[in-house]
Amino acid sequence: MDFGTVITAMATPMDTNKAVDYDGAQHLAEYLLANGSDALVVCGTTGESPTLSKEEKLKMFAAILEVAKGKAPVIAGTSTYDTAASVELSKKAEALGVDGLLTVTPYYNKPPQEGVFLHFQAIAQATSLPVILYNVPSRTNVNLLPETVARLAQIENVVAVKEASGNLEQVRTIRQCTPADFIIYSGDDGDTLPILELGGKGVISVAAHLIGKQIKEMIDCYNQGDMANARLLHEKYGDLFKKMFLCANPIPLKFCLNQLGLPAGPCRLPLCEATPEIQQQLIQLLRQYELQ
């Protein structure tokens with residue numbers, strides 16, 4: 001399964017009562033696929049997965065499959081800090097027909113590296129789907145070390161890692177200690193070009209909701225050897241990459257989507273609205289990039 005170079009970690013649209021807006025999610029998915037996204041991650045962190053029930057996640061997977069199946073891969077976010085629950089949801093996602101799994105390091109309970117390895121191994125062995133590991137220690141308080149990635153890469157269906165540690169030396173080490181066909185995706189839009197230079201393939205993106213075609217162009221330029229234009233695009237959108245994280249993701253993203261008339265709605269508690277100061281910065285950002 002080729003997931004492409006630009007994978008968007010989809011927001012989960014909500015209605016005014018903060019119930020999941022499945023119709024809105026389908027419209028958003030169609031928009032993303034028409035605007036640079038090669039594949040979609042459904043119910044990842046950007047999709048507010050910690051506040052979604054198992055039933056809501058399964059319904060989201062099914063809703064996005066309705067509009068994307070046969071057009072682009074659908075990758076289900078299925079893991080939590082509970083390995084057994086992660087295995088169960090992964091099996092159910094596979095039965096629905098998703099194309100892959102995004103599996104994050106267990107958060108809050110801070111397992112040692114052996115526990116992290118066994119967690120991912122259990123998920124991978126429970127399904128035939130390709131598994132993408134997700135390392136984001138700023139959120140999970142656990143760093144997926146390169147030697148653990150290397151062990152996991154020996155499992156046939158563990159095919160990639162989404163690296164959001166912010167540590168480029170760690171990315172370099174992962175590239176050196178994993179097979180050539182093991183894929184590294186940037187987990188931070190601002191790190192995409194540096195990770196490409198270290199042997200990465202692309203990005204699992206937040207900003208692609210807003211500038212998917214431009215991110216795709218940057219990666220295409222790099223792959224075609226046009227480093228000058230790849231660098232220009234990387235630098236041009238650096239401010240946008242940063243300001244999507246003025247506060248907790250996806251608060252800024254959902255505000256921007258709402259401003260652009262795309263399905264988003266509010267976040268669920270404990271995430272709340274952006275402050276008026278941040279809202280004003282985001283409005284200026286949309287104007288700066290002529291998105292509004």
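## Two helices that cross

In this predicted model, helix α12, which spans residues 251-259, and helix α13, which spans residues 276-288, have axes that come within 10 Å of each other and cross at roughly 55°. An angle under 35 degrees would count as roughly parallel and one of 65 to 115 as roughly perpendicular, and α12 and α13 are therefore described as oblique to each other. The crossing in which α12 passes α13 is right-handed.

The residues that bring these helices together can be named on both sides: Pro252, Phe255, Cys256 and Gln259 in α12 meet Gln279, Leu282, Ile283 and Leu286 in α13. Sorted by class, this contact of α12 with α13 has 6 nonpolar and 2 polar residues, and no charged ones.

## The closed barrel

Elsewhere in the model, 8 strands form a closed barrel with parallel pairing, in the order β1-β2-β3-β4-β5-β6-β7-β8. From one strand to the next, the twist averages 25°.

One pair can be followed in detail, namely strand β3 (residues 74-77) and strand β4 (residues 100-104), which run parallel and are joined by 3 bridges. Within this pairing, Ala76 has Leu101 in β4 as its bridge partner. In general terms, the strands of a sheet pair through backbone hydrogen bonds, either parallel or antiparallel.

## A helix across the strands

Helix α9, made up of residues 208-223, lies across two strands of the barrel, β1 (6-9) and β8 (202-205). Relative to β1, helix α9 runs at about 165°, and an angle over 145 counts as roughly antiparallel.

Definitions and conventions. Residues are numbered from 1 along each chain as its sequence is written. This is a predicted model: local features need pLDDT of at least 70, side-chain atom pairs count only at pLDDT 80 or more; totals for chains, interfaces and linings use all residues. Side-chain values use heavy atoms; hydrogens and water are left out. Axes are lines fitted to C-alpha atoms, for helices over the stretch in contact, and angles run from 0 to 180 degrees between N-to-C directions. Helices (H or I, at least four residues) and strands (E, at least two) are DSSP runs, numbered from the N terminus. A crossing is left-handed if the near helix is turned anticlockwise from the far one by less than a right angle, and right-handed if clockwise. Contact means heavy atoms within 4.5 Å. Ala, Val, Leu, Ile, Met, Phe, Trp, Tyr, Cys and Pro count as nonpolar, Asp, Glu, Lys and Arg as charged, and the others, Gly among them, as polar. Two strands pair if DSSP finds at least two bridges between them.
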